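Grab a pencil and work through these exercises with the model open beside you. Try each task before you peek at the solution.

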Amino acid sequence: MSFDPAAVNDIEARANDRVARATTVEELRSAQADVLGKRGELTALNATVGTLDPAERKKAGALLNEARARLTAAFESRAAELEAAARAGRLAAERLDLTETEPGPVRGSLTLVTQTRDALEDTFVGMGFTVAEGPEVESDWHNFEALNMPPAHPARSGFDTLYLDWGEAETTLLRTHTSPVQIRLMQAQPPPIYAVVPGRVYRKDTPDARHTPSFSQIEGLVVDHGITFGDLAGTIDTFTRAYFGPAISARLRPGYFPFTEPSAEFEITCTICEGVGCRTCSGTGWVELGGCGMVHPNVFTAVGIDPEEWTGFAFGFGIDRLAQMRFEIPDMRILADNDLRFTTQF
């Protein structure tokens, strides 16, 4: 398959037609995956750009990015319309017969967290990332030491680690973040690397409205020549607008993580009030989503990558927290309660 500019317009026209004809969110998401997903038409076309001359590659990349942005906005706008219509339909049905037996869950349906993870993967694949996974039972070296946190490092205390009775004391654990997969990825393949790492992680947290002992994260890793903090900021902002829509943007503020330097925490426009200010965002108009930064040279050294030649950035945030924010869920614990009154809404 070779790159054909006319094919971009053709794909976009057919996608817009499917958007207009979609009558359910499921039908719309299927169409979105066919176009922008891991094996989507636009993604496949994007893979052919590397065969072009530099000048043509730049034009083709711009053309694809513009088409992807337009289609993402179209899909999300139509999804919002269909979700609103579905909610209105459910409310109308309940008003007509309040004694009606509640419908059971659809057999084989996905949980809200899994749906959110799939949507995030599709968003990042559309931005040119691959998806990587790794084990949930990890070594101390992969989880901490290779990430610039040697034994007794004070940053370890913030992870509330659950160690396993396996091998020497405190050498085997349930991973506290998905960052060990980044270490394994850098060990397994040479740069350049553009990948996101989703998965379940574990911490000895006391359950409350915003914390649970087991939750899902997604992290991103980019390693290449000439990567700068500006590339990181641009990636975060592009993701935010692609996933939440054009009304939501991102900003960075200084932070500290032992595996990145410089580090930042990133916030997004409050999805409830869209930046006006409300109780959810404490009147600031912003909500913290996750952390990010440039990969620390010590991390590169630990995996055998020359920090004088390569640079990169990493970012990460909780999938459960993002689902909570996007769907305005007041208490995260309900995600694991199996309450049919909740699960049948999604």
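Before the sheet comes up, one rule: two strands pair if DSSP finds at least two bridges between them. Keep in mind, too, that what you're looking at is a predicted model.

**Exercise 1. Find the order of the strands in the open sheet of 7 strands, and name its edge strands.**

Solution. Walk across the sheet and you get β1-β5-β6-β10-β9-β8-β7, with mixed pairing. Now look for strands that pair on one side only: these are β1 (130-131) and β7 (250-257), the edge strands.

**Exercise 2. Follow the pairing from β1 through β5 and β6 to β10: in which sense, parallel or antiparallel, does each pair run?**

Solution. Start with β1 and β5, which pair in the parallel sense over 2 bridges. Here threonine 130 has alanine 195 in β5 as its bridge partner. Next, β5 and β6 are antiparallel, with 10 bridges. Proline 198 stands opposite isoleucine 218 in β6. Last step: β6 (residues 214-224) and β10 (residues 311-318) also pair in the antiparallel sense, over 8 bridges. Isoleucine 218 turns up again here, standing opposite phenylalanine 317 in β10.

While you're there, check how β5 sits. Of its 10 residues, 8 are buried, so β5 is largely enclosed by the rest of the structure.

**Exercise 3. Work out which strands helix α5 touches and which strands α8 lies across.**

Solution. Take α5 (residues 112-126) to begin with: this helix packs on the sheet and touches β1, β5 (193-202), β6 and β10. The direction of α5 makes about 170° with that of β5. Then move to α8, which lies across β7, β8 (260-269), β9 (286-295) and β10. The angle between α8 and β10 is about 35°.

**Exercise 4. Find phenylalanine 124 and say what it is in contact with, leaving aside neighbours within four places in sequence.**

Solution. First locate the residue: phenylalanine 124 lies in helix α5. Its relative accessible area is 0%, so it is buried; the cut-off is under 20%. Now list the contacts: Phe129, Val196, Ile218, Phe239, Phe315 and Phe317. Phe124 also belongs to an aromatic cluster, whose members include Phe129, Phe239, Tyr243, Phe244 and Phe317.

**Exercise 5. How are the rings of tyrosine 243 and phenylalanine 244 arranged: stacked, edge-to-face or tilted?**

Solution. The structure holds 11 aromatic pairs, so you need a way to sort them: planes over 60 degrees apart count as edge-to-face. For tyrosine 243 and phenylalanine 244, the ring centres are 5.0 Å apart and the planes are at 85°, so this pair is edge-to-face. Both residues are buried, and they are among the buried residues of α8, as are Leu232, Ile236 and Phe239. Just after α8 comes glycine 245, with a positive phi near 110°.

**Exercise 6. Decide where on helix α2 its buried residues sit.**

Solution. Get the helix itself straight: α2 (residues 25-36) has 12 residues and reaches 16 Å from its first C-alpha to its last, close to the expected 16 Å. Its buried residues are Val25, Leu28, Ala31, Gln32, Val35 and Leu36. They cover an arc of only 125° around the axis, which puts them on the same side of α2. A general rule helps here: an α-helix has 3.6 residues a turn, so residues three or four places apart point the same way.

Conventions: Residues are numbered from 1 along each chain as its sequence is written. This is a predicted model: local features need pLDDT of at least 70, side-chain atom pairs count only at pLDDT 80 or more; totals for chains, interfaces and linings use all residues. Side-chain values use heavy atoms; hydrogens and water are left out. Buried means under 20% relative accessible area, exposed over 50%, partly exposed in between (1.4 Å probe, protein chains only). Helices (H or I, at least four residues) and strands (E, at least two) are DSSP runs, numbered from the N terminus. Rings of Phe, Tyr and Trp (its six-membered ring) pair if their centres lie within 6.5 Å; planes under 30 degrees apart count as stacked, over 60 as edge-to-face and the rest as tilted. Contact means heavy atoms within 4.5 Å. Axes are lines fitted to C-alpha atoms, for helices over the stretch in contact, and angles run from 0 to 180 degrees between N-to-C directions. The expected span of a helix is 1.5 Å times one less than its number of residues. The arc is that of the directions from the helix axis to the C-beta atoms.
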